[in-house]
Every structure is written in C-alpha cells, then in structure tokens.
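Me: I would like to go through the labels attached to this model one at a time and ask what justifies each of them. Where a label depends on a cut-off, please set the value against it.

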Amino acid sequence: MLESGSVQLFAVGVEDALYPKNWNLLEDLTKLTGGEFFRTRVSQARLQSDFHKIFLDLSNQYVLAFSPSPEAMSGHFREIEIRVLKAGMKTKHRTGYALR
C-alpha cells in the first residue's frame with residue numbers, strides 16, 4: 001500500500017532504557033516512501049531538532065513526473081532509480097511504484 005501511494009512517511013522513535021525497541025520496520029517503511037526515520041532520546045531539544053529536519057525535508061522538494069510504458073500499467077511493483085549529477089548531492093525518494 002505504501003509502495004503504490006503518494007505518501008511520504010516520517011517517523012520519530014523515542015528511545016527509553018526501560019523499553020528497548022527494534023526500529024528496523026519503521027526505518028524500512030520510511031525509506032520505502034522516501035521519508036526518514038529519526039531515533040531520539042526523550043529531550044525537548046532533540047525532538048525540536050528532529051522535527052526541524054522533517055520541516056526542511058518537506059520544504060525542499062522537487063516533483064519528477066513521467067509517463068510509464070503500457071507494460072508498467074500491470075499493477076506490479078516497479079523499482080525506480082534517481083541519480084544526480086552534482087557531486088555531494090543526495091536524494092531521498094521512494095523505491096518504486098505500482099499502478100493500479
């Protein structure tokens with residue numbers, strides 16, 4: 001569902017020594033949508049910093065569009081690859097799409 005949607009998922013996991021967690025699932029889901037996972041300790045300054053990073057990500061976006069081939073209309077998941085030419089630039093993007 002996340003693969004075929006147009007949603008960018010961001011998650012914040014709060015670490016607590018009493019309740020250790022395995023955050024792999026949240027990390028995987030956020031990467032799948034082009035979002036990001038933030039692991040933080042209970043601290044107002046750290047939470048403010050993480051939410052500021054989310055704000056910056058949402059404020060600095062580009063939309064790329066294309067017309068898929070008829071074969072891509074099958075509903076199967078299709079992986080995509082985004083490359084940038086400028087050295088040092090990074091992208092965060094969904095891993096692919098599925099058309100229904």
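Reply: Let me begin with the word helix, which here means a DSSP run of H or I with at least four residues, numbered from the N terminus, while a strand is a run of E with at least two. The model is predicted, and with these terms its protein chain has two helices and four strands, which run β-α-β-α-β-β from the N terminus on.

Me: What makes residues 24-33 a helix, and which residue follows α1?

Reply: A helix needs a run of at least four residues, and α1 spans residues 24-33, so the label applies by that rule. Gly34 follows α1, and the phi of Gly34 is positive, near 85°.

Me: Why can one speak of one face of α1 as lined by buried residues?

Reply: The buried residues of α1 are Thr30, Leu32 and Thr33. Seen down the axis of the helix, these buried residues fall within an arc of 155°, so they line one face of α1. That buried side packs against β1 (10-15) and β2 (36-41), whereas the face turned away from it carries Asp28 and Lys31, which are exposed.

Me: How do you know that Thr30 counts as buried, and what does Thr30 touch?

Reply: The cut-off for buried is under 20% relative accessible area, and Thr30 is at 0% relative accessibility, so it counts as buried. Not counting residues up to four places away in sequence, Thr30 touches Leu9, Phe10, Ala11, Gly35, Glu36 and Phe37. The C-alpha atoms of Thr30 and Leu9 are separated by 5.1 Å, although the two residues are 21 apart along the chain.

Me: Why is Thr95 called neither buried nor exposed?

Reply: Buried stops under 20% and exposed begins over 50%; Thr95 has 32% relative accessibility and therefore counts as partly exposed. Thr95 has its place in the loop between β3 (78-79) and β4 (96-97). Leaving aside neighbours within four places in sequence, Thr95 is in contact with Lys31, Leu32, Phe77, Arg78, Glu79 and Ile80. In the case of Leu32, which is 63 residues apart from Thr95 along the chain, the C-alpha atoms are separated by 5.4 Å.

Me: Is Asp50 buried or exposed, and what is Asp50 in contact with?

Reply: Asp50, found in helix α2 (residues 44-59), has 0% relative accessibility and so counts as buried. Once neighbours within four places in sequence are left aside, the contacts of Asp50 are Phe38, Arg39 and Thr40. Over the protein chain, buried residues make up 19% of the 100 residues.

Me: Why is the aromatic pair of Trp23 and Phe37 called tilted?

Reply: The count comes to one aromatic pair. Trp23 and Phe37 are 5.5 Å apart centre to centre, with 35° between the planes. Ring centres must lie within 6.5 Å to pair, and planes under 30 degrees apart would count as stacked and over 60 as edge-to-face, so an angle between these limits is tilted. The pair links distant parts of the chain, with Trp23 in the loop between β1 and α1 and Phe37 in strand β2, 14 residues apart. Against the same cut-off of under 20%, Trp23 counts as buried at 13% relative accessibility, and Phe37 counts as buried at 11%.

Me: What volume does the largest pocket have, and which residues are closest to its centre?

Reply: The largest pocket has a volume of about 1,300 Å³. It is lined by 31 residues, of which Gln8, Gln61, Tyr62, Lys92 and His93 are the closest to its centre. The lining divides into 14 nonpolar, 12 polar and five charged residues.

Me: Which element gives the most to the lining of the second largest pocket?

Reply: The second largest pocket holds about 150 Å³ of space. Its lining includes Glu27, Thr30, Lys31, Phe37, Arg39, Lys92 and His93. The elements giving two or more residues to this lining are α1 and β2, and β2 gives the most, with four residues. By class, the lining divides into two nonpolar, four polar and five charged residues.

How values were computed. Residues numbered from 1 in each chain as written. Predicted model: local features only at pLDDT ≥ 70, side-chain atom pairs only at ≥ 80, totals over all residues. Heavy atoms only, no water. Buried < 20%, exposed > 50% of the residue type's maximum accessible area, 1.4 Å probe, protein only. Arc of directions from axis to C-beta. Contact = heavy atoms within 4.5 Å. 1 Å grid on protein atoms, 1.4 Å probe; cavity = no way out; pocket = protein on both sides within 12 Å on 5 of 7 lines; lining within 4 Å. Points joined across faces, edges and corners; volume = space filled by probe spheres on them. Nonpolar A, V, L, I, M, F, W, Y, C, P; charged D, E, K, R; others polar. Phe/Tyr/Trp six-rings, centres within 6.5 Å; stacked < 30°, edge-to-face > 60°.
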